[in-house]
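User: I'm new to reading structures, and I'd like a close look at just one part of this one. Could you walk me through it slowly and explain each term as it comes up?

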Amino acid sequence: MLPRIADSLSFLYLDMVRVVQDDTGVCAQIQVGTERTDLVYIPTAALSCLLLGPGVSITTPALNTLARHGTSVVSVGAGGVRAYAGILPDSLTTHWLEQQVTCWSDPERRLEVAVRMYGMRFKDADLPDTVTLEQLRGLEGQRMKAFYKILAQQHGIGRFRRNYRPDQWDAQDPVNLALSAANTCLYGIVHAALLALGLSPALGFVHAGTQHAFVYDVADLYKTETTLPMAFALHNSDNPEQDARRRFREDLRLLKLLPRIVRDVQTLLTPRDANHIDVHTDDEPQEKHDVQMVHLWDPKAGVLPAGVNYAGGDG
């Protein structure tokens, strides 16, 4: 499945194959029995991100071709639910990274993005324009307590309290264990999407002080509809961690989370007063240009064309 998503990004997930370069192009070798090997060619020129799951090996010539075509390569867990490392091509545009850094480094714009993140969690709630970040944190805390209570009542559970204790992992109840495992899977999906966009996972707007701050920011947008209901549904599981990971992978096909993450992140990083929105939906595909123009930055003019001699005069 190659879902067409914002900014002409397409994700392809592979597992249990060998990725090689032959005379025709990059292909995935699939062993069938002991005597036959099937070849599936990968459309590298039309692909923006390749997710390499368990059991995948890849050759250097294949990596070189992917880099030449501007395809990001991310090493992930089964089903893409964990992200371990990423290789970004030189041709990957820095547009969204620059947007992220600009918003993050300006206190006013950072606050605006943080407020918009909280606002996305409340969906249709009528929040006043004067609401502060402190007030939003309090409202979010109340919302989560109410949501925990509703889920606990639905599943016949007594009072629930979120208790994430890495140092006492096995002492957690099944719901907390399932939620911790499912959240880890969600973080992997978000991490892979951010790497594919060329963004920094460390520059968060709500969270700070960790290399995954932005990952946690974005993941919090989806927990109430993904990991939380799943964790409570596993309150009687004998192995909540394993069941949570398996169910998350199964449900991910229906959630179509990767395209949604990309669209939401691009919307958050696009100024509200921008003259045009650079976010394209599935219905408005943007062409992927082979040549990425390099520009010069100027504090007054913004962006100036490169390849121009600015010395002035006749020399």
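Analyst: Let's start with a cysteine: Cys-103 has 2% relative accessibility, so it counts as buried. Buried means under 20% relative accessible area, exposed means over 50%, and partly exposed is in between, using a 1.4 Å probe and protein chains only. Cys-185 is buried too, with a relative accessible area of 0%. The structure has zero disulfides, a disulfide being a pair of cysteine sulfur atoms within 2.5 Å.

Before going on, a word on the ground rules. This is a predicted model, so local features need pLDDT of at least 70 and side-chain atom pairs count only at pLDDT 80 or more, while totals for chains, interfaces and linings use all residues. Residues are numbered from 1 along each chain as its sequence is written, and side-chain values use heavy atoms, with hydrogens and water left out.

Now the backdrop. The protein chain has nine helices and 11 strands; both are DSSP runs numbered from the N terminus, with helices being H or I of at least four residues and strands being E of at least two. Of its 315 residues, 39% count as buried.

The part to zoom in on is a sheet. It is an open sheet of four strands in the order S5-S4-S3-S7, with mixed pairing. Its edge strands are S5 and S7 (57–58), each of which pairs on one side only. Two strands pair if DSSP finds at least two bridges between them.

Just ahead of S3 you'll find Met-16, in the loop between S2 (9–14) and S3. Met-16 has a relative accessible area of 61%, so it is exposed. Its phi is near 60°, a positive value in a residue other than glycine. Why mention that? Most residues other than glycine have a negative phi.

Next, step into the strands themselves. S3 (residues 18–21) and S4 (residues 26–32) pair in the antiparallel sense over four bridges. One of the matches to look for is Gln-21, whose bridge partner in S4 is Val-26. The link from S3 to S4 is a hairpin of four residues.

S4 then turns back into S5 (residues 36–41), and these two pair in the antiparallel sense over six bridges. They also form a hairpin, with three residues between them, and Gly-33 in that turn has a positive phi of about 70°. To follow the pairing by eye, find Cys-27, which stands opposite Tyr-41 in S5. Then find Gln-29, whose bridge partner in S5 is Leu-39.

Leu-39 is worth a pause. This residue sits in strand S5, and its relative accessible area is 42%, so it is partly exposed. Leave out residues up to four places away in sequence, and Leu-39 touches Asp-22, Cys-27, Ala-28 and Gln-29; contact here means heavy atoms within 4.5 Å. Leu-39 and Arg-18 are 21 residues apart in sequence, and their C-alpha atoms are 9.7 Å apart in space. For the side chains, a handy background rule is that in a regular strand they alternate between the two faces of the sheet.

How does the sheet's surroundings compare in style? Let's visit two spots elsewhere in the chain. Asn-183 lies in helix H5 (residues 174–197) and, at 6% relative accessibility, counts as buried. Apart from neighbours within four places in sequence, Asn-183 is in contact with Arg-162, Lys-223 and Thr-227. Ser-200 is in the loop between H5 and H6 (213–219). At 19% relative accessibility, Ser-200 counts as buried as well. With the same neighbours set aside, Ser-200 is in contact with Leu-97, Gln-100 and Phe-214.

That brings us to rings. A search of the whole structure finds five aromatic pairs. The rings of Phe-205 and Phe-214 have centres 5.5 Å apart and planes at 65°, so this pair is edge-to-face. Rings of Phe, Tyr and Trp (its six-membered ring) pair if their centres lie within 6.5 Å; planes under 30 degrees apart count as stacked, over 60 as edge-to-face, and the rest as tilted. Phe-205 and Phe-214 are both buried. Elsewhere, ring pairs link Tyr-148, Phe-160 and Phe-232 into a cluster.
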